[in-house]
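I opened this model to look up its strand pairing and one helix contact. My notes follow.

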Amino acid sequence: MKTISMVVWNEFLNDARVLKEAQTLQSAGYQLIVHALHTPGVTEEIEILASNVHVVRVARSPLWKLRKRKRLEAERNAAEKSGQAKSQHQKVAAPPPETFVRQLLKLVARLWTHAGLAIQLVRSRPDAIHAHDVNVLPTAWLAAKIARVPLVYDAHEISTDREGYQAFRGLVGWLEKKLMPRAAGTITTTDARAKFFARAYGIPRPLVLQNRPRLVKVENSNRIREELGLVEPWPIVLYQGGLQPGRGLPRLVEAAASVPNAYFVFIGGGRQAAELHELTAELGLEERVRFIPTVALSELPSYTTSADIGVQPIENTCLNHFTTDSNKLFEYVIAGLPVVASQLPEIGKVVRNHDLGLLVPPGDTAALADAIRRLVESAELRAYYRAKAEQAAESLNWEAQEQALVELYERILPVSRVAREGR
């Protein structure tokens, strides 16, 4: 059995795309090992998932034992002081300022972690190494060179023009230009991104695997309504995903003020969480705008299906946003939700081609509120788009495209076997 070693720069707890790819290849007869980051007290260093995908995690710091002890002590102290759950409107404490020494220590720890990932990748004796995003591309390329196996690069984002990456865009572009043409196979998430990578780096157009969920049938429920204690029979407008800048979330809270007789629910966490809580309080919307922290992937569909409208108000702040089609958009479709989404090329193509809901200009709060209001006030319109979503779900799912990933590896690995047997 051939072994494929995937590598990610996260803890591999809620990475739906990587999990689906690993499960698909495992089902196709490969042995999958996912190399990820280990946070003491949060993750296991070695884990075998139900699908027989193996997970090997590397600690984020050489001082991980000390970090684990400190973490447990901090948790005990917090429990003693708290005595009760935090209020959803409690402000998040600002992190301590970054000093030069602190930045240097973080750099050393990160390099140590990359070295640990590279060592684990080589030790796994893979037949191919699969890098998920640019954070781990150099590490995966080095390990592939040492192990003399092909590299597959899966670019989830356009990181040269992405929220939060502006300071690193030159380095990212240089790395991708040097290493992407050396990959035996490349993958990305939308047609627009595939076109960008092909033109920017002079490579064949990458395989497109959209961020679609599996086709999971979940019975309709009242999970959100019951968990939050929502007493009015109003429609639930849902945003699920990271609470991050550039996703139009403050505008969504502002739009809620103009859409009465509806609940607005955010599921997820991120850097913008405190800002959104504060804005909700300022506008006096605490009863209608509610928040649920990040939930496990296995639990998310039951939350999604208990809503009435799915919203994706992402803004055109960078090329990465401009070219996205959004995993949450497909999650809404699988759950049968009518959608209100930003009129960007890839998102617009999906919504228009399948008649899934209403498109609004990105960044236009009034248009966003008007579109949501139309769906809130018309049960007939919601029912129409729900039927369209249920129909589209039969084709806009992971199973409909996963064979392309298997075929990519069928092309790559026979070459790898001949090369390795000839050593």
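I started at one bridge: Ala131 stands opposite Tyr153 in S6. I noted that this is a predicted model, where local features need pLDDT of at least 70, side-chain atom pairs count only at pLDDT 80 or more, and totals for chains, interfaces and linings use all residues. Residues are numbered from 1 along each chain as its sequence is written, and side-chain values use heavy atoms, without hydrogens and water.

Next I checked helix H1 (residues 16–27), which packs on the sheet and touches strand S1 (3–7), strand S2 (31–38), S5, S6 and strand S7 (185–188). Contact means heavy atoms within 4.5 Å. H1 makes about 155° with the direction of S2; axes are lines fitted to C-alpha atoms, for helices over the stretch in contact, and angles run from 0 to 180 degrees between N-to-C directions. Helices (H or I, at least four residues) and strands (E, at least two) are DSSP runs, numbered from the N terminus.

I then looked up the strand pair. S5 (residues 128–132) and S6 (residues 151–154) run parallel over four bridges. Pairing requires at least two DSSP bridges between two strands.

How are the strands ordered in the sheet? I read S3-S4-S2-S1-S5-S6-S7-S8, eight strands in an open sheet with mixed pairing. S3 (46–48) and S8 (207–208) each have a single partner strand, so one side of each lacks a neighbour in the sheet.

Last, I took helices H8 (residues 249–256) and H14 (residues 365–377). They pack at about 55°, with axes 9 Å apart. Arg251, Leu252, Glu254 and Ala255 in H8 meet Thr365, Leu368, Ala369 and Ile372 in H14.
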